[in-house]
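This report examines selected features of a protein chain for a reader who is new to structural description. The structure is shown here.

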Amino acid sequence: MFENYKVYETEFAGKKMVFETGKMCCLSNGSVLVRYGETVVLVNVTASLKPREGIDFFPLSVDFEEKLYSVGKIPGSFLKREARPSDKAILASRLVDRPIRPLFPKDMRNDCSVVMTVMSVDPDCLPEIAGMIGTSFALSISDIPWNGPIAGANVGLVDGEIIVCPNAEQRAKSDLNLTVAANADKICMIEAGANEVSNEVMLDAIIKAHDEIKKMVAFIKKVQEEIGKPKFQFESQEVDHDMFEEIKAFAIDQVREALDTDDKTVRDARLAPIIDEIHAKFDEKYPEQEAVIDEAIYKLQKYVVRRWLLDDGKRVDGRAIDEIRPLAAEVGLLPRVHGSGMFTRGQTQVLTIATLGTVSEAQRLDGIDSQEEKRYLHHYNFPSYSVGETRPSRGPGRREIGHGALAERALEPVIPSVEQFPYTIRLVSEVLSSNGSTSQGSICGSTLALMDAGVPIKAPVAGISCGLITEGDRWMTMVDIQGLEDFFGDMDFKVGGTHKGITAIQMDLKIDGLTYDMIKEAFEKTYKARLYILDEIMLKAIGAPREELSKYAPKMKNIKIHPDKIREVIGSGGKVIQKICADCNVKIDIDDDGNVFVSAINADDVNRAIMIIETIVNDPEVGAFYKGKVTRLMNFGAFVELAPGKEGLVHISKLDVNRVEKVEDVVAVGDEILVKVTEIDSQGRINLSRKDALLAMEAKKNAAKQQEA
């Protein structure tokens with residue numbers, strides 16, 4: 001029945017990988033079922049026969065579809081079905097999109113779709129790697145024009161050893177989470193999160209991944225030779241050479257003059273009348289080719305910028321090749337927030353706000369991996385006004401989610417553990433003005449905001465980008481690219497890190513790949529620039545995290561109790577914990593391991609609640625002072641509740657420094673009084689003294705007066 005059914009098997013990084021094609025989804029241009037360990041991903045690629053009318057770009061969509069049945073889960077939503085893609089699914093889509101997009105013909109306008117459906121997940125075999133390789137396989141055997149194949153690999157660093165495609169246990173303790181995509185000769189994509197890894201180790205990890213990738217690329221090529229379909233012919237949107245030369249001769253001097261400024265607003269204003277003049281002259285000569293003329297205008301601007309860089313070593317804004325734009329850093333801009341920092345680089349400006357919350361406010365995750373919650377969140381907003389445009393806000397798109405994740409990845413290695421700093425941390429980066437490299441600006445602004453909020457980060461982090469221009473065998477890199485250099489250049493190589501090493505990388509390419517020398521030079525230039533930004537700008541704005549939190553931030557403490565004591569703290573029906581929260585005006589969170597987190601705006605309330613909890617789970621210490629509530633009055637004294645279930649007696653002789661005739665003369669039921677534990681007898685009965693507490697307070701006051709004198 002399935003006469004075209006083929007199964008191909010190979011080994012990838014020590015694990016078996018199987019490709020099945022010709023049995024499922026036979027109406028797609030290319031389809032493959034990838035089995036990697038027990039991970040199974042179905043990949044389909046399709047393309048339209050003709051381009052849509054008016055399309056002046058290549059419309060490629062890449063979707064990574066997480067199915068919760070793949071890990072034996074039922075979705076937690078009301079509808080009990082998968083809804084919008086998770087952030088991780090969007091990031092996986094972008095991970096595959098970036099290396100495959102530059103390999104499609106630049107003059108093709110046919111709609112193209114890649115859908116990776118995750119059907120089974122083995123934690124030891126990442127589905128995004130299976131999806132990336134499956135996409136390359138499906139495109140290669142399809143009739144869709146594409147200059148592949150590529151392959152991708154994940155790399156870890158465990159105890160100093162570089163491991164290609166580590167298993168789940170190794171990833172959990174790895175200092176590196178690196179994904180590399182490459183063809184047989186060059187590196188096509190790099191994305192990494194790292195625990196301050198050096199340039200040298202990072203390059204070694206990339207090279208080791210490439211060695212494994214080359215084997216997979218050779219394997220896919222062999223399959224392509226055997227069953228690959230001939231590539232279909234498409235309607236080219238390439239600009240006619242004669243048309244381009246005419247437009248170039250007519251407008252190149254005007255375009256050069258218009259582009260020769262570091263102000264994006266001025267540049268756009270200069271270009272607008274030139275573009276109108278070109279259309280006025282050539283629309284009639286080339287009827288119904290307005291879109292092609294626009295492409296020629298784009299190509300002319302690209303020609304001017306690239307000639308400046310390659311031939312003259314000249315940048316649009318007059319900077320030297322390795323010079324960074326003017327920088328500024330500020331903190332404490334917003335009085336009521338918990339922390340804020342603004343970072344400005346040229347016309348790029350990002351304001352980040354830090355908010356501290358309780359551990360119970362951590363984000364709950366419902367995905368196909370093992371992570372169930374996240375206590376450090378980074379959100380990135382890119383409003384239209386940041387580029388001088390007007391359009392309605394529709395919520396975060398894939399770009400915003402990707403940039404936020406990059407900044408989050410860069411800062412995650414320096415965020416203190418929940419034991420060191422028991423807070424949920426949310427950062428929001430608001431892009432105020434954009435002229436290139438806003439994601440790296442958000443890394444710098446976020447470090448400032450964290451330090452302003454008093455978060456004890458392990459080290460400050462800065463981010464910077466490196467660009468690339470290539471022409472044949474010629475190439476050159478430049479640091480801190482602005483929007484125009486990104487738009488007309490070949491690479492945006494973004495690196496975040498500390499003084500010690502790299503914490504994040506994201507590389508976007510418009511060409512088929514990079515050599516090792518290009519990557520090495522990009523690492524060196526971004527490292528030098530990163531140190532300058534940290535030492536000369538950021539640390540001069542704020543040298544270390546503030547010692548105290550904002551008065552508007554919740555004050556938090558945590559203690560560890562024995563799990564068997566959790567029931568006593570919570571009480572029947574939650575009565576005990578609710579009473580502590582009401583009496584002390586606090587919020588309490590307890591996890592199954594016995595970690596107790598107490599938060600309130602007032603630090604004294606937190607300390608009091610902690611003391612009550614400690615009193616519940618431990619016997620009161622003799623000699624310690626407690627604030628308790630009077631519960632009963634007797635002729636011989638008053639009973640005082642130190643904590644729910646913990647009560648002691650203050651004998652009438654210990655009620656005051658003076659003689660007491662009647663207990664009612666000194667205290668009443670419901671009064672809160674300070675007492676000292678004087679004895680715990682053999683039967684566990686607690687004896688208390690208000691008299692000793694009063695004397696101790698008086699002695700403390702006298703000592704303070706003497707010190708002032």
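The model discussed here is predicted. At 35% relative accessibility, Glu 471 counts as partly exposed, because its value falls between the limits of 20% for buried and 50% for exposed. Its partner Arg 474 is also partly exposed, with a relative accessibility of 38%. The side chains of Glu 471 and Arg 474 form a salt bridge, with a distance of 3.5 Å from N to O.

**Salt bridges**

In total, the model contains 44 salt bridges. Some of them share partners, and in this way Arg 315, Asp 317, Arg 319, Arg 325, Arg 345, Asp 480 and Glu 485 are joined into one network. Within that network, Arg 319 is paired with Asp 317, and their closest N and O atoms are 2.7 Å apart. Arg 319 is buried, with a relative accessible area of 7%. Asp 317 counts as buried too, at 17% relative accessibility.

A further pair belongs to a helix. Asp 311 and Arg 307 both lie in α7, which covers residues 290–312. The two residues are four positions apart, or about one turn of the helix. They form a salt bridge whose closest N and O atoms are 2.5 Å apart. Which of the two counts as buried, and which as partly exposed? Arg 307 counts as buried because its relative accessibility of 19% is under the 20% limit. Asp 311, in contrast, is partly exposed, with a relative accessible area of 43%.

The three pairs are set out below.

| Salt bridge | N to O distance | Relative accessible area |
|---|---|---|
| Asp 311 and Arg 307 | 2.5 Å | Asp 311: 43%; Arg 307: 19% |
| Arg 319 and Asp 317 | 2.7 Å | Arg 319: 7%; Asp 317: 17% |
| Arg 474 and Glu 471 | 3.5 Å | Arg 474: 38%; Glu 471: 35% |

**Helix α9**

Helix α9 comprises the 15 residues 438–452. How far apart should its ends lie at 1.5 Å a residue? The expected span is 21 Å, because the rise is multiplied by one less than the number of residues. The end C-alpha atoms are 20 Å apart, which agrees with this expectation. The helix is mostly covered, as 15 of its 15 residues are buried. Just after α9, Gly 454 takes a positive phi of about 85°.

**Cavities**

Rolling a probe the size of a water molecule over the atoms shows where empty space is left. A search of the whole structure finds four cavities of 30 Å³ or more. The largest cavity holds about 140 Å³ of space. Its lining consists of 13 residues, and those nearest its centre are Lys 579, Asp 583, Arg 608, Ile 612 and Glu 641. Two or more lining residues come from each of the helices α13 (575–584) and α14 (603–617) and the strands β25 (625–634) and β26 (637–643). By type, the lining has five nonpolar residues, one polar residue and seven charged residues.

The second largest cavity holds about 50 Å³. It is lined by Ile 55, Asp 56, Arg 109, Gln 237, Ala 291, Val 292 and Glu 295. Of these residues, three are nonpolar, one is polar and three are charged.

**An annotated region**

An unreviewed UniProt entry lists residues 623–691 as "domain: S1 motif". Over these residues the chain is 52% strand and 3% helix. The end C-alpha atoms of this region are 13 Å apart.

Note on methods:
Residues numbered from 1 in each chain as written. Predicted model: local features only at pLDDT ≥ 70, side-chain atom pairs only at ≥ 80, totals over all residues. Heavy atoms only, no water. 1 Å grid on protein atoms, 1.4 Å probe; cavity = no way out; pocket = protein on both sides within 12 Å on 5 of 7 lines; lining within 4 Å. Points joined across faces, edges and corners; volume = space filled by probe spheres on them. Nonpolar A, V, L, I, M, F, W, Y, C, P; charged D, E, K, R; others polar. Buried < 20%, exposed > 50% of the residue type's maximum accessible area, 1.4 Å probe, protein only. UniProt positions renumbered as here; feature names shortened; annotations may be inferred. Salt bridge = Lys/Arg side-chain N within 4 Å of Asp/Glu carboxyl O.
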